[in-house]
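Here is a small set of exercises to work through at your own pace. Have the model open and try each task before reading its solution.

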Amino acid sequence: MKENAVITIISITIIVLNMMMIIVLDIKNAIIMATMAEATTITMAVITAVVMAVTMAEVTVVVMAVTTAVVKDVAAVGAGCFNLINN
């Protein structure tokens, strides 16, 4: 009888330890998945921020160049008109 009780206790202990190991592994996997998701989110945010900054800088450069060229052309036309009127 005592042997059966000991075997039963050992079996129950093994089952409980296996269940605890499964729970620990599930928690570990959940933490890893959450960490990977956070890393992916942060990486995408950084990449998006860098691309947006570079794009905005390029757009600003192009707009400034076009604006400068237009202002110079308008100034030249205005100067030409001024010369025509005064001559």
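**Exercise 1.** Is Val 51 buried, partly exposed or exposed, and why?

*Solution.* Start with the ground rules: this is a predicted model, where local features need pLDDT of at least 70, side-chain atom pairs count only at pLDDT 80 or more, and totals for chains, interfaces and linings use all residues. Residues are numbered from 1 along each chain as its sequence is written, and side-chain values use heavy atoms, with hydrogens and water left out.

Next, take the cut-offs: buried means under 20% relative accessible area, exposed over 50%, and partly exposed in between (1.4 Å probe, protein chains only). Val 51 has a relative accessible area of 47%, so Val 51 is partly exposed.

**Exercise 2.** Place Val 51 and Ala 34 in the secondary structure, then look at distances along the chain.

*Solution.* Helices (H or I, at least four residues) and strands (E, at least two) are DSSP runs, numbered from the N terminus. The chain has one helix and zero strands. Val 51 lies in helix H1, and Ala 34 lies in helix H1 too. Ala 34 is partly exposed because its relative accessibility is 38%.

Now the distances. Val 51 and Ile 10 are 41 residues apart along the chain, and 61 Å separates their C-alpha atoms. For Ala 34 and Val 59, 25 residues apart, the C-alpha separation is 37 Å.

**Exercise 3.** What does the side chain of Ser 11 reach?

*Solution.* First locate the residue: Ser 11 sits in helix H1, which covers residues 2-86. Then check its cover: with a relative accessible area of 34%, Ser 11 is partly exposed. Finally, a polar atom of the Ser 11 side chain lies 2.8 Å from the backbone oxygen of Ile 7.

**Exercise 4.** Describe the overall form of the chain.

*Solution.* Begin with the extent: the C-alpha trace spans about 125 × 10 × 5 Å along its principal axes. Compare the radius of gyration (taken over C-alpha atoms; the globule rule is 2.2 Å times the number of residues to the power 0.38). The chain has 37 Å, whereas a compact globule of 87 residues would be near 12 Å. Last, consider burial: 0% of the 87 residues count as buried.

**Exercise 5.** How exposed is Met 20?

*Solution.* Met 20 belongs to helix H1. Its relative accessibility is 47%, so Met 20 counts as partly exposed.

Note on methods: A polar contact is a pair of N or O atoms within 3.5 Å; within protein, one must be able to donate a hydrogen and the other to accept it, and residues adjacent in sequence count only if both atoms are side-chain atoms.
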